[in-house]
Amino acid sequence: MAQPLPQPCDRGIIQAQPCPRAAGVEAPGANKRWILAACILASSMAFIDGSALTVALPALRADFGADYAAVQWVINGYALALASLTLIGGALADVFGKARMLMLGAAAFGLTSAACALAPSVEWLIAARLAQGVSAAIVTPASLALIGATYPREERGAAIGVWAAASALTTAGGPVIGGWLTETFGWQAVFWINPPIAAATVLLLLVFSRAVPKQQRGFDWLGAGLIAAALAALAYALSSIAPPEGAAEAGVQFGQQVWIALFAGLALLGAYAFWETSAREPLTPPRLWANAPFTTLNLATLLIYGGMSVMFFALPFELIDQRGLTPTQTGLAFLPFTLALGLLSQVFGGLADKLGARPLLIAGPIAAAAAFLLMSLLRDQNLWAAIVLPMSVLGLAFAILVAPLTAAVMSSVDDNDEGLASGVNNAASRAAGLIGVALAAGLASLDNGFHASMMIAAGASFLGAACAFALRRVSSQ
């Protein structure tokens, strides 16, 4: 997903792991630090890849002569695999070993990144991105779970602090690095960042990791297939809101294809929901969705992260194609967001402990909606008013939002379901990114497409705030 932002429940996945000290498998102190370094390197690949690629999209589109619908699949091929397979990836890590699966996923991520860099066509690149997304669906949950499986509960706070600081640095630097690499060496250089990081991750894990207790879990492959097909159909329909060039003669036929894809996506979603009621090891157990606060919080996540993804797809094209900024300058335009998020998240996390999560879950999305409206209303103004100010407000909005959202999701379920609930919420945010990018791509070729994108992003954020307002009680613990 091309958005420089960690997912809302990453910390929840770490905290939900069984304590290794209680199980008698705690690693030596020096080994723990190197394992943490490996996990940070692994997760940084995904953070850098998503944030750096954001500013490379216009150059990539120009190089291949592709339309917006094709370019969005460079993002969404990856996002589709990640959204639909993340929970499967977590289960694989539990069954076959977190370190082992992290090594496998990191190696595959490095190889598929090289395949992306060598892509001779946009079709090749989309296929390679899909394979890269499968790798990320292993790397992302395994790296988080391995931190929790390595550090005892009383030491996790410090480990999470180091991981969070590194994540903030990589997400903040990603757009700038990506812009400079794209401007200097071409968009392919964005993908060449990953192979050496992957090699270092594998080497550290080979030397310092040790076996941890495994869990017996099943794999809901059919459920993953159904949700992937549903999301793919919906993404195709939304990205095709505007017919491609040359489709005027076959407009009726094209419109029929879009409607068929839309109804197929909805039907597949229904089939997924039905299957989950009878699956032996469902990806999303019905008991979670019967939990009204948990369901409401995930709906809010879909809306808020979907709105943000619309903006993050549309903005680079606005800055480069319309304002004439270079990729490096475009990367710098993202800094107000990432810096505000990184510097203020802990402050607002502490405030949530005092006020409760609900007020911040309302205020954050409203502030995000205000940022999107500013981008639309001030589009014709100078860069500081039209971009820097709204991006600063958006960073503040997500600093207000992310920590309380994580805490609220974790507190909405029983202790035994915390890990699963965190994974489901992460999957929901990734699915929101996929749908948001598809919608932004569908609007991009329309007249006033940027204005429409920002208004839809603002509307989705307001609805997310309304979901939080509807919650009667949300704990921040």
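**Exercise 1. Helix crossing**

In which sense, left-handed or right-handed, does α15 pass α17?

Solution. This is a predicted model, in which local features need pLDDT of at least 70, side-chain atom pairs count only at pLDDT 80 or more, and totals for chains, interfaces and linings use all residues. Residues are numbered from 1 along each chain as its sequence is written, and side-chain values use heavy atoms, with hydrogens and water left out.

Step 1. Identify the elements: helices are DSSP runs of H or I with at least four residues, numbered from the N terminus. Helix α15 covers residues 335-355, and helix α17 covers residues 383-411.

Step 2. Fit the axes, which are lines through C-alpha atoms, for helices over the stretch in contact; angles run from 0 to 180 degrees between N-to-C directions. The axes of α15 and α17 come within 7 Å and cross at roughly 35 degrees.

Step 3. Assign the hand: a crossing is left-handed if the near helix is turned anticlockwise from the far one by less than a right angle, and right-handed if clockwise. The crossing of α15 and α17 is right-handed.

Step 4. List the contact, meaning heavy atoms within 4.5 Å. From α15 the contributors include P336, F337, L344 and F348; from α17 they include V388, M391, L394 and F398.

**Exercise 2. The nonpolar core**

Describe the largest nonpolar core and the surroundings of M391 and M311.

Solution. Step 1. Set the terms. A nonpolar core is a set of buried Ala, Val, Leu, Ile, Met, Phe, Trp, Tyr and Cys residues joined through side-chain atoms within 4.5 Å. Buried means under 20% relative accessible area, exposed over 50%, and partly exposed in between, with a 1.4 Å probe and protein chains only.

Step 2. The largest core has 144 residues, and W163, M311, M391, L394 and F398 have the most contacts inside it. Helix α4 (residues 68-96) gives the most to this core, with 16 residues.

Step 3. Leaving out residues up to four places away in sequence, M391 touches M311, F312, L315, A333, F334, P336, F337 and M375.

Step 4. M311 belongs to helix α13 and counts as buried at 0% relative accessibility. With the same sequence exclusion, its partners are F372, M375, M391, L394 and M454.

**Exercise 3. Aromatic pairs**

How many aromatic pairs does the structure hold, and how are the pairs W180–F185 and F312–F334 classified?

Solution. Step 1. Rings of Phe, Tyr and Trp (its six-membered ring) pair if their centres lie within 6.5 Å; planes under 30 degrees apart count as stacked, over 60 as edge-to-face and the rest as tilted. The structure holds 14 aromatic pairs.

Step 2. The ring centres of W180 and F185 are 5.6 Å apart and the planes stand at 85 degrees, so this pair is edge-to-face. W180 is partly exposed at 44% relative accessible area, while F185 is exposed at 55%.

Step 3. For F312 and F334, the centres are 5.3 Å apart and the planes at 20 degrees, so the pair is stacked. F312 lies in helix α13 (residues 292-322), and F334 in the loop between α14 (327-333) and α15; the two are 22 residues apart. Both F312 and F334 are buried.

Step 4. Ring pairs also link Y305, F312, F334, F337 and F398 into a cluster.

**Exercise 4. Charges over rings**

Over which ring faces do R61 and R358 lie?

Solution. Step 1. A charge sits over a ring if NZ of Lys or CZ of Arg is within 6 Å of the ring centre and within 35 degrees of the ring normal.

Step 2. R61 lies over the face of Y68, at 4.0 Å from the ring centre. R358 lies over the face of F469, at 5.2 Å from the ring centre.

**Exercise 5. Two residues in their helices**

Are I48 and I435 buried, partly exposed or exposed, and what do they touch?

Solution. Step 1. I48 lies in helix α3 (residues 29-64) and counts as buried, at 11% relative accessibility. Not counting residues up to four places away in sequence, I48 touches L53, T170, I193 and I197.

Step 2. I435 is in helix α18 (residues 418-444) and counts as partly exposed, at 23% relative accessibility. Aside from neighbours within four places in sequence, I435 is in contact with L231, L234, A235 and L238.
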